[in-house]
Amino acid sequence: MAVTQEELYSGLDLELSWSERALPEHVRTKHVHRLHPYHGKFIPQLVEVLLDRYLPPGGHVLDPFAGSGTTLVQALESGMDVTGAEVAAFNCLLMRVKTAHYDLEALSDELHDVCSRLASLTTKTRPNGYLRRWYSPTAAKQLLAFRDQADSDVLRVILSRAARSARRAAHFDLEAPSEPMTGEYWCHKHRRTCRPVESANGFLRRYALDTLARIEEFAAVRSDRVARVLHGDSRTIEYEHVFAGVLTSPPYPGLIDYHEQHRYAYELLGLEERRDLELGKETRKAALEDYCEGIAQALANAASALAPGAPVLIVVNDRRDLYPAILERAGLRLEGRLRRHVNRRTGRRAGEYFEDVLVARQ
Ligand SMILES: C[S@@+](CC[C@H](N)C(=O)[O-])C[C@H]1O[C@@H](n2cnc3c(N)ncnc32)[C@H](O)[C@@H]1O
């Protein structure tokens with residue numbers, strides 16, 4: 001574990017702290033990366049550079065905390081096979097939609113057809129307590145009517161994205177609203193008085209067409225390599241392949257509740273919840289100990305499926321300095337650390353934010 005300062009920062013020649021001008025938002029959220037909001041993802045360009053630098057061309061890469069699938073999408077774009085393990089069912093649905101192969105003509109027909117029928121869709125399902133609280137009666141009815149005929153994963157993701165936008169949440173508080181807005185309010189984002197959303201059909205139409213455009217854009221740059229999504233706990237999941245490397249960003253204690261951020265999707269789609277298996281939800285002392293043990297188990301499990309000498313790349317802002325001990329527990333040796341200045345993009349100095357890419361091997 002003892003590494004010299006020089007060894008630790010040996011990869012600093014890699015420029016990972018892009019400015020906003022070098023990497024504007026539309027490039028960071030290119031094609032399917034913006035298919036659905038997901039708080040806590042890493043940027044595709046970071047994945048691209050790391051795959052290029054550390055993984056053999058055409059290799060099979062593993063992400064044991066795959067989230068919204070940034071590693072999976074970029075691996076496909078870089079001509080690699082890829083496997084992602086993830087405990088949250090909604091994230092798995094989103095990854096399947098991002099990485100599937102499509103008959104683009106059939107997809108276009110399906111989405112244009114549903115857009116043309118939106119106004120006439122009906123439902124007999126009564127909204128549950130959650131829907132009654134967070135949506136206007138009209139929006140709840142429209143979302144349920146769409147849900148009743150959403151027989152494909154793509155339609156389910158479009159429904160979820162529209163459900164997020166149609167909540168009675170303040171425009172400046174869409175990430176994690178705690179209370180619904182029931183009347184007019186002063187909107188800090190738009191600097192005017194805004195009203196809660198009354199209808200969902202406009203969002204359903206807009207996102208159906210945007211989804212089609214994004215999938216078409218990705219189809220033009222993706223390779224024919226295979227992406228596999230495994231729904232389960234990465235501490236115990238059984239991998240059936242030998243991987244050329246791991247690239248991942250694990251959850252960090254107390255930052256994001258990954259099930260809760262997509263609550264509307266679980267409520268509407270009836271997805272199975274595995275909240276008890278999600279790592280990093282708490283910061284009490286005992287919870288931090290469980291976190292370290294859990295991440296170490298997941299990394300050791302991933303490492304057991306690696307080719308000899310394969311790299312394990314971990315993107316993390318380890319402000320509690322937990323990772324040296326976690327790596328040791330997982331039987332991994334820290335070989336280098338690349339530091340990335342995240343705020344440089346926006347030029348904000350206050351609240352300087354750095355994250356590290358830990359490079360480890362068995
Ligand atoms: C920081 S996020 C990964 C984001 C990803 N790099 C991206 O760009 O979308 C961490 C992910 O780990 C998942 N996770 C938490 N505990 C897990 C477990 N025990 N097994 C598998 N995944 C887990 C969370 O649901 C979350 O999606």
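I take two strands as paired if DSSP finds at least two bridges between them. The model I am working from is predicted.

**Entry 1: the sheet**

I traced the strand order with that rule. I get an open sheet of seven strands, β5-β2-β1-β6-β7-β9-β8, with mixed pairing. I then looked at the edges. β5 (227-231) and β8 (333-341) stand there, each with a single partner strand, so one side of each has no neighbour in the sheet. I also looked up the twist. Neighbouring strands of this sheet are turned by 20° against each other on average, direction ignored.

**Entry 2: walking from β1 to β9**

I started at strand β1, residues 60-63. β1 and β6 pair in the parallel sense over two bridges. I looked for a residue pair here and found L62 of β1 bridged to V246 in β6.

Next I moved on to β7. Strand β6 (residues 245-248) pairs with β7 in the parallel sense, over three bridges. T248 has I314 as its bridge partner in β7.

On to β9, residues 354-361. The sense changes to antiparallel here: β7 and β9 pair that way over five bridges. V315 has V357 as its bridge partner in β9.

**Entry 3: strand β7 itself**

Is β7 mostly covered or mostly open? I find it mostly covered: five of its five residues, 312-316, are buried. For this I count a residue as buried under 20% relative accessible area.

I then sorted the side chains by direction. V312, I314 and V316 point one way from β7. L313 and V315 point the other way, and all are buried. In a regular strand the side chains alternate between the two faces of the sheet.

**Entry 4: the ligand**

How many residues surround the ligand? I count 24, and the closest are Y38, S68, T70, E86 and S249. By type, the shell divides into eleven nonpolar, nine polar and four charged residues.

I looked up polar contacts next. A polar side-chain atom of E86 lies 2.6 Å from an oxygen atom of the ligand. S249 places a polar side-chain atom 2.9 Å from a ligand nitrogen atom. L277 makes its contact through the backbone: an N or O atom there lies 3.0 Å from a nitrogen atom of the ligand.

Last, I looked up how much of the ligand is covered. On its own, the ligand has 610 Å² of accessible area, and the protein covers 99% of that.

Note on methods:
Residues are numbered from 1 along each chain as its sequence is written. This is a predicted model: local features need pLDDT of at least 70, side-chain atom pairs count only at pLDDT 80 or more; totals for chains, interfaces and linings use all residues. Side-chain values use heavy atoms; hydrogens and water are left out. A residue is near a molecule or strand if one of its heavy atoms lies within 4 Å of it. A polar contact is a pair of N or O atoms within 3.5 Å; within protein, one must be able to donate a hydrogen and the other to accept it, and residues adjacent in sequence count only if both atoms are side-chain atoms. Accessible areas come from the Shrake-Rupley method with a 1.4 Å probe; for residues, only the protein chains shown count as cover. Ala, Val, Leu, Ile, Met, Phe, Trp, Tyr, Cys and Pro count as nonpolar, Asp, Glu, Lys and Arg as charged, and the others, Gly among them, as polar. Buried means under 20% relative accessible area, exposed over 50%, partly exposed in between (1.4 Å probe, protein chains only). Helices (H or I, at least four residues) and strands (E, at least two) are DSSP runs, numbered from the N terminus. Axes are lines fitted to C-alpha atoms, for helices over the stretch in contact, and angles run from 0 to 180 degrees between N-to-C directions.
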